[in-house]
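Please walk through this model with me, beginning with a local detail on a helix and working from there towards the interior.

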Amino acid sequence: MEGYKILIYDNNPELRDALEVGLTARRYNVKVVDSEDALKKAIPEFKPDAVFIDTELGPEKEFEEKLKQIRDGNYIQPALMGYHLAQALKAENQNLNVVGISGRDTYRETWNGMDFPFMFTADLFTSKGKEDLRSILHS
């Protein structure tokens, strides 16, 4: 597992930092980003073995824009924003290993049955989570 590269996109700075510290301690090579633009730039530069995307990514727009989207029927539930981004990234990079992550285990049901594995962030630091991550990286 040592040396595997994991790119993390999470809009929660505390969780992003905790993942970086925890996975680095497990000897992964970790890079974190805080925006979709930074993520898209980092993929070809960092060449990750896996990309972790927060399932709860909300649109990177102001509140008024969100209200307009809701009124127009174009608003995507935050629990699916990460999934839509994962789909777009996978379409651009067929070999990209994308994993949905969340600090809320309730989103496991949303992601189950979709094209990407899901990991509850707290599980990443358990023995089972370590095995799950190993199988994802070796898939």
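In helix 2, which spans residues 36-46, Lys40 and Glu36 are 4 residues apart and are therefore separated by about one helical turn. The two side chains form a salt bridge, in which the closest N and O atoms are 3.2 Å apart. Lys40 counts as partly exposed, at 35% relative accessibility, and Glu36 is likewise partly exposed, with a relative accessible area of 30%. It should be said at this point that the model is predicted, and that side-chain atom pairs count only at pLDDT 80 or more.

By the rule applied here, the count of salt bridges comes to 2. The other pair is Glu131 and Arg134, whose side chains meet with an N to O distance of 3.3 Å. These residues are 3 positions apart in helix 6 (residues 127-137), so that about one helical turn separates them. Glu131 is partly exposed at 44% relative accessibility, and Arg134 falls into the partly exposed class at 28%.

With these helical pairs in place, the overall layout can be considered. The chain contains 6 helices and 5 strands, and, read from the N terminus, its elements follow the order β-α-β-α-β-α-α-β-α-β-α. Of the 139 residues in the chain, 39% count as buried, while the chain exposes about 7,800 Å², of which carbon and sulfur atoms supply 47%. Among contacts with a separation of 6 or more, 65% are accounted for by residues 24 or more positions apart.

How far the coordinates can be read depends on the confidence assigned to them. The mean pLDDT of the chain is 77, and 71% of its residues reach 70 or more. Among the elements, strand 2 (residues 29-33) has the highest mean pLDDT, at 96, whereas helix 5 (residues 108-111) has the lowest, at 56. Where pLDDT is low, the predicted coordinates should not be read in detail.

Strand 3 offers a good route into the interior. This strand covers residues 50-54, and 5 of its 5 residues are buried. Ala50, Phe52 and Asp54 point one way from the strand and Val51 and Ile53 point the other way, and all of them are buried. Strand 3 pairs with strand 1 (residues 5-9) in the parallel sense over 4 bridges, and within this pairing Val51 is the bridge partner of Leu7. Strand 3 is also joined to strand 4 (residues 98-102) by 4 bridges, and these two strands run parallel; here the bridge partner of Phe52 is Val99.

Strand 4 is itself mostly covered, with 5 of its 5 residues buried. Its two faces are both covered, since Val98, Gly100 and Ser102 on one side and Val99 and Ile101 on the other are all buried.

Within strand 3, Asp54 deserves a separate look. Is this residue, Asp54, buried or exposed? Asp54 has a relative accessible area of 5%, and it counts as buried because this value lies under the 20% cut-off. Leaving aside residues up to four places away in sequence, Asp54 touches Tyr9, Asp10, Asn11, Gly82, Ile101 and Ser102. Of these, Ile101 and Ser102 are among the buried residues of strand 4.

The nonpolar interior completes the picture. The largest nonpolar core has 16 residues, and those with the most contacts inside it are Ile8, Leu23, Tyr28, Phe52 and Leu133. At least two residues of this core are supplied by each of strand 1, helix 1 (13-25), strand 3, strand 4 and helix 6. The largest share, 3 residues, comes from helix 6. A second core of 15 residues is separate from this one and includes Val33, Ile43, Leu85 and Ala86.

Taken together, these features connect several of the elements already visited. Phe52 points to the side of strand 3 that Ala50 and Asp54 also face, and Phe52 is one of the residues with the most contacts inside the largest core. Helix 6, in turn, holds the salt-bridged residues Glu131 and Arg134 and supplies the largest share of that core.

Technical notes:
Residues are numbered from 1 along each chain as its sequence is written. Side-chain values use heavy atoms; hydrogens and water are left out. Buried means under 20% relative accessible area, exposed over 50%, partly exposed in between (1.4 Å probe, protein chains only). Contact means heavy atoms within 4.5 Å. Accessible areas come from the Shrake-Rupley method with a 1.4 Å probe; for residues, only the protein chains shown count as cover. Two strands pair if DSSP finds at least two bridges between them. pLDDT is the predictor's confidence in each residue, from 0 to 100. A salt bridge is a side-chain nitrogen of Lys or Arg within 4 Å of a carboxyl oxygen of Asp or Glu. A nonpolar core is a set of buried Ala, Val, Leu, Ile, Met, Phe, Trp, Tyr and Cys residues joined through side-chain atoms within 4.5 Å.
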